[in-house]
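Trainee: I'd like to take a close look at one part of this model with you. Could you walk me through a charged spot, step by step?

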Amino acid sequence: MNSTARRRSYGVKGAPYDRPSSTLKRARSAPYVFLLPATILFALFFALPIGYALWLSLRKVKVSGLGLGSGARKEVWAGLENYTDALSDSELLHGALRVLGYGCIVVPVMLGLALLFALMLDSDKVRLAPFTRLAIFLPYAVPGVVAALLWGFLYLPDVSPFYFVLDRLGLPQPDLLDGGPLYLALSNIAVWGGTGFNMIVIYTSLQAIPVEVYEAAKLDGATPLQIALRIKIPMVAPSLVLTFFFSIIATLQVFSEPTTLKPLTNSVSTTWSPLMKVHRDAFGEGDIHGASAQAVIIAFATLLLSFGFLRAANRRQKQEAAR
């Protein structure tokens, strides 16, 4: 048999690598089979509740007479009435402004500390790095409600050890649960709990930078501060964008901290944040349709801000890559 015949024999039907069509079909459908459980869970616990909230937001309860007896209260189509009422609600607007002020404190401080800790842990001179990394990350493992409750008792003048020390030293004892200091008290809880997670994200990106980059910078005479400012921070910019994106979403959805501190002070109302107002209207006043419209508006605002920020970040990254 010549070489041409031998080469042709490999392509005949029944060769070892010639898979049947049924095997190819199973191989192509395998990814969809693995995605099926996640798709079902996403549809049941995410897409379906969103669709139901949208449906409720377009309806309202019509009361006939005194609202007594069967048929006196019935659900009717409302259109965009609930949305117009929500957008004209001053309490929802004031709650959004309070959250904006809260976010202006939380996001810069939390990300600044996370970046600082990540740079310090990535230094060659750091000692006990595993223990330090765990100690910074550990507050993130504490549930938000538990953390807010612990800090709330530390803020109370009657039970706080800090107020006892200040009293013994004859120093002023500020009320952190009243007025302007309340923003600092709530921000401290969020910063204490979220810095560790953001630090781990940034620190992981720093560990992925090749060592040769640092060695080349040291040969050029760069100091550790110059390496941090001109090499490390620019190279972990995608991680900073990611952590900033998550921080914005968490800030817009603040709920557990003010809700937990509410029984400890009169400065936190039931509508302090937009989500607290949604909770009060839905479960306190029974206006599930108006609360659904408010929830949809908050979700849309979160999506709009997140999409706008990511688009701006991607545009800037493309401009820097083009240079």
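Trainee: With which residue does Asp281 form a salt bridge, and how far apart are the closest N and O atoms?

Mentor: Happy to, and please keep in mind that this is a predicted model. Asp281 forms a salt bridge with Arg280, and their closest N and O atoms are 2.9 Å apart. Asp281 counts as buried because its relative accessibility is 3%, and the cut-off for that label is under 20%. The pair with Arg280 does not stand alone, since salt bridges with shared partners link Asp89, Glu91, Lys277, Arg280, Asp281 and Glu285 into one network.

Let's follow two further links of that network. Asp281 also forms a salt bridge with Lys277, where the closest N and O atoms are 2.6 Å apart. Both of these residues sit in helix α13, four residues apart, which is about one turn of the helix. Like Asp281, Lys277 is buried.

Now turn to Arg280, which forms a salt bridge with Glu91 at 3.3 Å between the closest N and O atoms. Glu91 belongs to helix α4 (residues 90-121) and Arg280 to helix α13 (residues 274-284), so this pair ties together parts that lie 189 residues apart in sequence. Glu91 counts as partly exposed, because its relative accessibility is 33%.

For the wider setting, a search of the whole structure finds seven salt bridges. Among them are the three we just followed: Asp281 with Arg280, Asp281 with Lys277, and Glu91 with Arg280.

Methods. Residues numbered from 1 in each chain as written. Predicted model: local features only at pLDDT ≥ 70, side-chain atom pairs only at ≥ 80, totals over all residues. Heavy atoms only, no water. Salt bridge = Lys/Arg side-chain N within 4 Å of Asp/Glu carboxyl O. Helix = DSSP H or I, 4+ residues; strand = E, 2+ residues; numbered from the N terminus. Buried < 20%, exposed > 50% of the residue type's maximum accessible area, 1.4 Å probe, protein only.
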